Amino acid sequence: MYETLEIARDGGVATLWMNRPDVHNAFNEQLIAELTAACRQLDADDTVRVVVLAGRGKSFSAGADLNWMKRAAAYDEERNREEARAMEAMFRAIDDCPKPVIAAVHGAAIGGGVGLVAACDIAIAAQAAVFATSEVRLGIVPAVIAPFVIRAIGPRAARRYFLTAERFDAAEALRIGLVGRVVPHERLMEEARALAGRIAANPPLAVQALKTGLARTAYGDPREIGGWAIDTIRRLARTDDHLEGVASYLEKRAPVFKGQ
């Protein structure tokens, strides 16, 4: 179905592989469109509970493909606006996905690659991974990824790395909150899938409600959050999965959640 992506499934976990290894998974208009479509496809698939985002080859993602950027320089203003909207929609599709998305980062995550990491709910990095928001060196700014990156690492760290365009390692990415864990390269996918499996074992309706609610809790009006929280608790309290969760805990057995 996709030329720049691969989707592998294992139970309730779908691994979404960016597959342009010859250009370090840099994204052009095709990868942008396909990644957006794939996220929406996985949204609609009730058998998928968690998504892992990873890259084939030596790198996670080198950000925007420079050849694509060079072509875009010749586009008129409206075409450039459309390209920017499409890129923003890609990051938003990851951020808005009701299924939790885990980034498994190895090699380089540069420019928009950092944006992909920041748009995911959780990120795990290999020890040798490197990161940079290097747009300013190319005479542009990380405008589209800025909301996601600032949310992940805070405005102070974002100002530094946006302005300097310097590279930083996985330990620094962990310190500033871009990733949540650093592991040896050979254990990266194992750790990402194990984490995905732990999330997938939880009742899917509650997980999806939690992900939606986190954005409101962090950025919404407290009065709106209160109303959302009350409605959500009332709705989930009537689900079969909630009753199964309580019963399995009391009966000291493994729960069987059906997303109902």
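Visitor: What makes Glu6 and Arg56 a salt bridge?

Guide: Their closest N and O atoms are 2.8 Å apart. A salt bridge needs a side-chain nitrogen of Lys or Arg within 4 Å of a carboxyl oxygen of Asp or Glu. The value of 2.8 Å meets that cut-off, so the pair is called a salt bridge. This is a predicted model: local features need pLDDT of at least 70, side-chain atom pairs count only at pLDDT 80 or more, and totals for chains, interfaces and linings use all residues. Residues are numbered from 1 along each chain as its sequence is written, and side-chain values use heavy atoms, leaving out hydrogens and water.

Visitor: Where do Glu6 and Arg56 lie in the chain?

Guide: Glu6 is in strand β1 (residues 5-10). Arg56 is in the loop between β3 (50-55) and α2 (66-72). The two are 50 residues apart, so this pair links distant parts of the chain. Strands (E, at least two residues) and helices (H or I, at least four) are DSSP runs, numbered from the N terminus.

Visitor: Why is Glu6 called partly exposed?

Guide: Its relative accessible area is 31%. Buried means under 20%, exposed means over 50%, and partly exposed is in between, with a 1.4 Å probe and protein chains only. So 31% makes Glu6 partly exposed. Arg56, at 30%, is partly exposed too.

Visitor: What about Glu172 and Arg175: is each buried or exposed?

Guide: Glu172 has 14% relative accessibility, so it counts as buried. Arg175 has a relative accessible area of 60%, so it is exposed. They form a salt bridge, with the closest N and O atoms 2.8 Å apart. Both sit in helix α6 (residues 170-176), three residues apart, so about one helical turn separates them.

Visitor: What does the salt bridge of Asp65 and Arg20 tie together?

Guide: Asp65 and Arg20 have their closest N and O atoms 3.1 Å apart. Asp65 lies in the loop between β3 and α2, and Arg20 in the loop between β2 (13-18) and α1 (29-44), so the pair ties together parts that are 45 residues apart in sequence. Asp65 is buried, and so is Arg20.

Visitor: How many salt bridges does the structure hold?

Guide: The structure holds 11. Glu88, Arg92, Asp95 and Arg151 are linked in a network of them.

Visitor: How do you know that Glu135 has no salt bridge?

Guide: The nearest side chain of opposite charge, Arg137, is 9.6 Å away. Lys and Arg count as positive, Asp and Glu as negative; His and the chain ends are not counted. At 9.6 Å, Arg137 is not within the cut-off, so Glu135 has no salt bridge. Glu135 is buried all the same. Among its contacts (heavy atoms within 4.5 Å), leaving aside neighbours within four places in sequence, are Gly111, Ile140 and Pro142.

Visitor: How do you know that the span of α1 agrees with what is expected?

Guide: The expected span is 1.5 Å times one less than the number of residues. For the 16 residues of α1 that gives 22 Å, and the end C-alpha atoms are 23 Å apart, which agrees. Buried residues of α1 include Leu31, Ile32 and Cys39.

Visitor: Which residues of α1 make the contact with α3?

Guide: Among them are Glu29, Ile32 and Leu35 of α1. On the α3 side, Glu83, Ala86 and Met87 are included.
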